[in-house]
Amino acid sequence: MNYLAEILSTEEKENLFKINGLKLCVAPTGSGKTYLIVEEMKNEYQEMKAPFGMKRVLLLVNRSALLEQYLKAIDETFLETFETDGYYVYRNSVHVYSYQTAQRRIDKDEEFLKAFDLIIMDEAHYFLQDSWNGTTDDVFTQIIERSKDIPCTMFTATPEELIDYVKVRDIEIDKIDYSHELGFNERIECIATNKNFKDIINSILVTEKYILFVNSSYSKKQIENLAEELSNDNRCVGFYHSKWISRNGQFQIIKDMKAKYQKLVELHKFDEEGAVANAAVDNGVDFKDQDLKHIILLDHYDPVTMKQMIGRKRFNINSPDDKLKVWVVNTDRVFIQREKEMALEQIMMYESYKNLSTGAFIDEYAHRLEHVKLIGSLNVQSQDELKDNIQKAESQGKATCIKMQARHVGEGLLSTELIVNFCLVSKSYYRLNYLNRLLDAKEQYAEGKIRNIPLHMTMEHVLGDMGYFNITIDHKNAHYENRAKKQEIEDNREQKMIPFIESHMGKMMDSPTFKEFCGYMYDVFGVKDSRHKKPGTSVMRKFLESEGFQLLAPRVHGKTHYCVSK
């Protein structure tokens, strides 16, 4: 096993760092991309040259955790910190920015990128992965334009979306790909399954750590609650999510989460026996922990995200027993269908943009273009308010692949321009392709009938295309699970149902609260209607009466409420 710094030739390094043009270096997670960049910065200086032989270098990194990783690797003696502006300068030459900070700087200064002789983009798939925020395309477009005059080099383990993007934009790119020569795939066993993830966790030895990656449908609170639910006498389960929270369109730091990430970056492991996390734990957090034996991907379908999550585990090259099981749990067709609809919405908008006049397009999509960016406004305060509205809309996931920009050309006159977010367009086409592959996979069974192939069986082929080769399928035992569920419901009815009902006696429940009450009675105690669905008011009333209770439905302030009594 070699690392990237060992396998790259002198000519390839020259090409990446000193020859003009847009470059892409592909190597697996854990193959030393960050190490290569840092060592090249140091080596040039030791030879009495500026890092990379350049006067000014811009190093862009994604996620604050990856930024922390760079800062730890760089000799702090030669590092200047500009805390107010959120960037760092190494040896008076290399300017280290997060993508997000650089975006804010470019918004204020259109000439910002022209000050650099080399631009390096670590984890460059960020441009596509975070295209939902509506700003990455602006930066990427400017970097592509700058690459005509200077070297602009991207590093990533997951180039799939980037390659699609340059095809959409018809851009030339020089690619060096060591994804097959490097990596630890032989140590990874992938298990595609439709089992309940809690059953998987219960089957894991207490001496073996795991991390469960949930998908984007989980809120911060749900992640915290799930970690608490999974903790028991044998295992303490921690949780990790974004350390930022949006309040009124403004992002604020969650201090406790920031401290937890700093500890992860420093120790390369979590203290608990298990962890629940989302995509915020990807770039920059590396688990160099031989006790971490299991990664569980719960309803993830994006190959780029999946590879990044699996790549958080870093192996000890000298320990052949340092291996990993990746449990890929796939059951949620509704989530996939929702993701597909979101991708189609963006694609349809882009196709309309291509085929309609500006006026006709604005008429059709006025409801989605309500936040307009104004340029050249005489009222600076109003422009700032509009910018805040745009940022607030984008932080709530409302970014669209087409933006409308209005420029003041005279008193009371506006010139309207439509701006395409090609990053979001490209990502939407890429997403639609793999989602259709999962949803549309069919198989023929008895008497020529056709049915959908179960998601976890289709995922076996997706994992193969991602470069993994030790793949197995593990089906759940539906008969056993049904028996276990029935037994659990019987036990709950006997031990917990009456105390639960009594705890609600005398409480006034509005309609949403009563609906939650009925849902809990269905899930935990098996109360259902004749169609085996969640009980409605009449079914719940009859059931409560059979148990010695009654359901009252008084009207309070003109609205129906519900109350349980003896």
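## Rings, cores and a covered strand

There are 25 aromatic pairs in this structure. What you're looking at is a predicted model, so let's walk through it with that in mind.

**Two ring pairs up close**

A pair of aromatic rings is described by how far apart the centres are and by the angle of the planes. Here are two examples.

| Pair | Arrangement | Centre to centre | Angle between planes |
|---|---|---|---|
| Tyr 350 and Tyr 353 | stacked | 6.2 Å | 20 degrees |
| Tyr 520 and Phe 525 | edge-to-face | 5.9 Å | 70 degrees |

Take the stacked pair to begin with. Tyr 350 and Tyr 353 both belong to helix α13, which covers residues 333-355. They sit three residues apart, or about one turn of the helix. Is Tyr 350 buried or exposed? Its relative accessibility is 11%, so Tyr 350 counts as buried, the cut-off being under 20%. Tyr 353 comes in at 28%, and therefore counts as partly exposed.

Now for the edge-to-face pair. Tyr 520 is partly exposed, with a relative accessible area of 38%. Phe 525, on the other hand, is buried, at 1%. These two rings also have company: Tyr 520 and Phe 525 belong to one aromatic cluster along with Phe 500, Phe 514, Phe 517 and Tyr 562.

**Lysines over rings**

Some rings here have a charge for a neighbour. The charged end of Lys 260 sits over the ring of Phe 239, 3.8 Å from the ring centre. Likewise, the charged end of Lys 209 sits over the ring of Phe 270, at 5.2 Å from its centre.

Lys 209 is worth a longer look. You'll find it in strand β10, residues 209-213. With a relative accessibility of 11%, Lys 209 counts as buried. How many residues apart in sequence are Lys 209 and Phe 270? The answer is 61, while in space their C-alpha atoms are 9.4 Å apart. The ring isn't the whole story for this couple, either: a polar atom of the Lys 209 side chain lies 2.5 Å from the backbone oxygen of Phe 270. Setting aside neighbours within four places in sequence, Lys 209 is in contact with a number of charged residues, including Asp 271, Glu 272, Glu 273, Asp 289 and Asp 291. Lys 269, Leu 292 and His 294 are also among its contacts.

**A strand under cover**

Next up is strand β2, residues 57-61, where five of the five residues are buried. Val 57, Leu 59 and Val 61 are on one side, Leu 58 and Leu 60 are on the other, and both faces are covered.

Which strands does β2 pair with? One partner is β5 (residues 94-98), running parallel to β2 and joined to it by five bridges. In that pairing, Leu 58 has His 95 as its bridge partner. Strand β6 (residues 118-121) also runs parallel to β2, with four bridges between them. There, Leu 59 is matched with Ile 120.

**The nonpolar cores**

Leu 60 turns up again in the largest nonpolar core, which has 46 residues. Leu 60, Ile 119, Met 121, Phe 127, Ile 143 and Tyr 165 are the ones that touch the most other members. Leaving out residues up to four places away in sequence, Tyr 165 touches Leu 128, Phe 140, Ile 144, Ile 171 and Phe 422, among others. Its list also includes Asp 137, Thr 141, Cys 423 and Ser 426. Apart from this core lies another, made of 42 residues, among them Ile 336, Leu 439, Leu 463 and Tyr 468.

Notes. Residues numbered from 1 in each chain as written. Predicted model: local features only at pLDDT ≥ 70, side-chain atom pairs only at ≥ 80, totals over all residues. Heavy atoms only, no water. Core = buried A, V, L, I, M, F, W, Y, C linked by side-chain atoms within 4.5 Å. Buried < 20%, exposed > 50% of the residue type's maximum accessible area, 1.4 Å probe, protein only. Contact = heavy atoms within 4.5 Å. Phe/Tyr/Trp six-rings, centres within 6.5 Å; stacked < 30°, edge-to-face > 60°. Helix = DSSP H or I, 4+ residues; strand = E, 2+ residues; numbered from the N terminus. Lys NZ or Arg CZ within 6 Å of the ring centre and 35° of its normal. Pairing = 2+ DSSP bridges. Polar contact = N/O pair within 3.5 Å; in protein donor to acceptor, adjacent residues only side chain to side chain.
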